[in-house]
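Please look over the sequence and the structure shown here before reading on. The briefing that follows goes through a few topics in turn, and each point can be checked against the picture.

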Amino acid sequence: MKRAIVVGASSGIGREVARLLLAEGWHVGVAARRTILLEELKSEFPERVITSCIDVTEDMAVQKLHDLIGQLGGVGLFFYASGIGKQNMQLDTDTEERTVMTNSLGFVRMIDAVYNYMSVHQGGHIAVITSIAGTKGLGAAPSYSATKALQSTYIEALEQQARLRRLNIRFTDLRPGFVDTELLGKDKKYPMLMRTEVVAQQIVNAINSRKSVCVIDWRYRVLTFFWRLIPRYLWVRLKISNSA
């Protein structure tokens, strides 16, 4: 039996990926803060969906994750899609701190929990949504771009550690650009905006292909390639108003 857990499955990419996994025959544990939206998924696949209310910033999050794994009977694929991010040109401290709490502390505690579980239960696959925003520091969204860089680096470090420890744990770092989800809001227009369904399918393809890193959409692969070539001296002088 194929068993997966999707954290951040109430909407957006997480929800669409959960649907695709269910279509492929997986049994899926779905977790998020908004359980009403999770129950809608369960009503569609009552025999193969287990729901859990998990806020990754709360101290009980790890215990709730272990409870969900137990109810599911194990986990072979862990897909992490939980996260927040806002443009913050005025550097509102509350926005920065909430972003760091969710995207850094919440991320690390959940990834650590499933990594340690898999290390003693025949391994598995950990796939996470980071972002192209982690490629460079974006002035429009300081904490968002910084935490996404942390996520990518953390996953890379764990992949190396798993090899050193000879653990059967695979990793996939998924880096989308602008995706038409609630995260972006409706008050701004974004270039190269991608549909959630298209991104979700590319994510599932990357997971099934066991890719280590996948920048979603060829346009963003080209964009980030050139971003990396820009010297710091020039980068900090560029006018980039939107975050990805």
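How do the residues of the lining of the second largest pocket divide into nonpolar, polar and charged? They divide into five nonpolar, five polar and four charged residues. The model is a predicted one, and the points below take up this pocket, a surface patch, salt bridges, backbone angles and contacts between separated parts of the chain.

**The second largest pocket**

- The second largest pocket has a volume of about 220 Å³, and 14 residues line it.
- Among these lining residues, W26, G76, L77, H125 and R170 are the ones that lie nearest the centre of the pocket.

**A nonpolar surface patch**

- W218, V222, F225, F226 and L229 together make a nonpolar patch on the surface, with an area of about 560 Å².
- F225, one of the residues of this patch, is placed in helix α7, which covers residues 218-229.
- The relative accessible area of F225 is 46%, so this residue counts as partly exposed, given that the partly exposed class lies between the buried limit of under 20% and the exposed limit of over 50%.

**Salt bridges**

- Side chains of opposite charge can pair when their charged atoms come close.
- The structure holds seven salt bridges, and three of them are described here, including the one between E40 and R15, whose closest N and O atoms are 3.1 Å apart.
- This pair links distant parts of the chain, since E40 belongs to helix α2 (residues 35-44) and R15 to helix α1 (residues 12-23), with their positions 25 residues apart in the sequence numbering.
- The two partners are not equally covered: E40 is partly exposed at 37% relative accessibility, whereas R15 has a relative accessible area of 10% and is therefore buried.
- R19 forms a salt bridge with E44, and here the closest N and O atoms are 2.7 Å apart.
- This pair also links distant parts of the chain, with R19 in helix α1 and E44 in helix α2, 25 residues apart.
- R19 counts as partly exposed at 25% relative accessibility, and E44 is partly exposed as well, with a relative accessible area of 41%.
- D59 forms a salt bridge with R109, in which the closest N and O atoms are 3.5 Å apart.
- Because D59 lies in the loop between β3 (49-53) and α3 (61-72) while R109 lies in helix α4, this pair ties together parts that are 50 residues apart in sequence.
- D59 is exposed, with a relative accessible area of 69%, whereas R109 counts as buried at 17% relative accessibility.

**Positive phi angles outside glycine**

- L91 is not a glycine, and yet it has a positive phi of about 50°; its place is in the loop between β4 (77-80) and α4 (93-119).
- R166 is another residue other than glycine with a positive phi, in this case near 60°, and it is found in the loop between α5 (142-164) and β6 (169-175).
- At 79% relative accessibility, R166 counts as exposed, because the exposed class begins over 50%.

**Residues separated in sequence**

- Y80 is found in strand β4 and is buried, with a relative accessible area of 0%.
- The C-alpha atoms of Y80 and A127 are separated by 6.3 Å, although the two residues are 47 residues apart along the chain.
- A141 is found in the loop between β5 (124-129) and α5, and at 1% relative accessibility A141 counts as buried.
- Between the C-alpha atoms of A141 and G85 the separation is 7.5 Å, while along the chain these residues are 56 residues apart.
- M192 has its place in the loop between β6 and α6 (196-208), and with a relative accessible area of 29% M192 is partly exposed.
- From C-alpha to C-alpha, M192 and V179 are 8.6 Å apart in space, and in sequence they are 13 residues apart.

Methods: Residues are numbered from 1 along each chain as its sequence is written. This is a predicted model: local features need pLDDT of at least 70, side-chain atom pairs count only at pLDDT 80 or more; totals for chains, interfaces and linings use all residues. Side-chain values use heavy atoms; hydrogens and water are left out. Helices (H or I, at least four residues) and strands (E, at least two) are DSSP runs, numbered from the N terminus. Buried means under 20% relative accessible area, exposed over 50%, partly exposed in between (1.4 Å probe, protein chains only). On a 1 Å grid over the protein atoms alone, a cavity is a set of points where a 1.4 Å probe fits but cannot get out, and a pocket is an open set with protein on both sides within 12 Å along at least five of seven lines; lining residues have an atom within 4 Å of a point. Grid points are joined across faces, edges and corners, and a volume is the space filled by probe spheres set on the points. Ala, Val, Leu, Ile, Met, Phe, Trp, Tyr, Cys and Pro count as nonpolar, Asp, Glu, Lys and Arg as charged, and the others, Gly among them, as polar. Patches are made of residues with over 30% relative accessible area and no salt bridge: like charges are joined within 9 Å, nonpolar side chains (Val, Leu, Ile, Met, Phe, Trp, Tyr) within 5 Å. Accessible areas come from the Shrake-Rupley method with a 1.4 Å probe; for residues, only the protein chains shown count as cover. A salt bridge is a side-chain nitrogen of Lys or Arg within 4 Å of a carboxyl oxygen of Asp or Glu.
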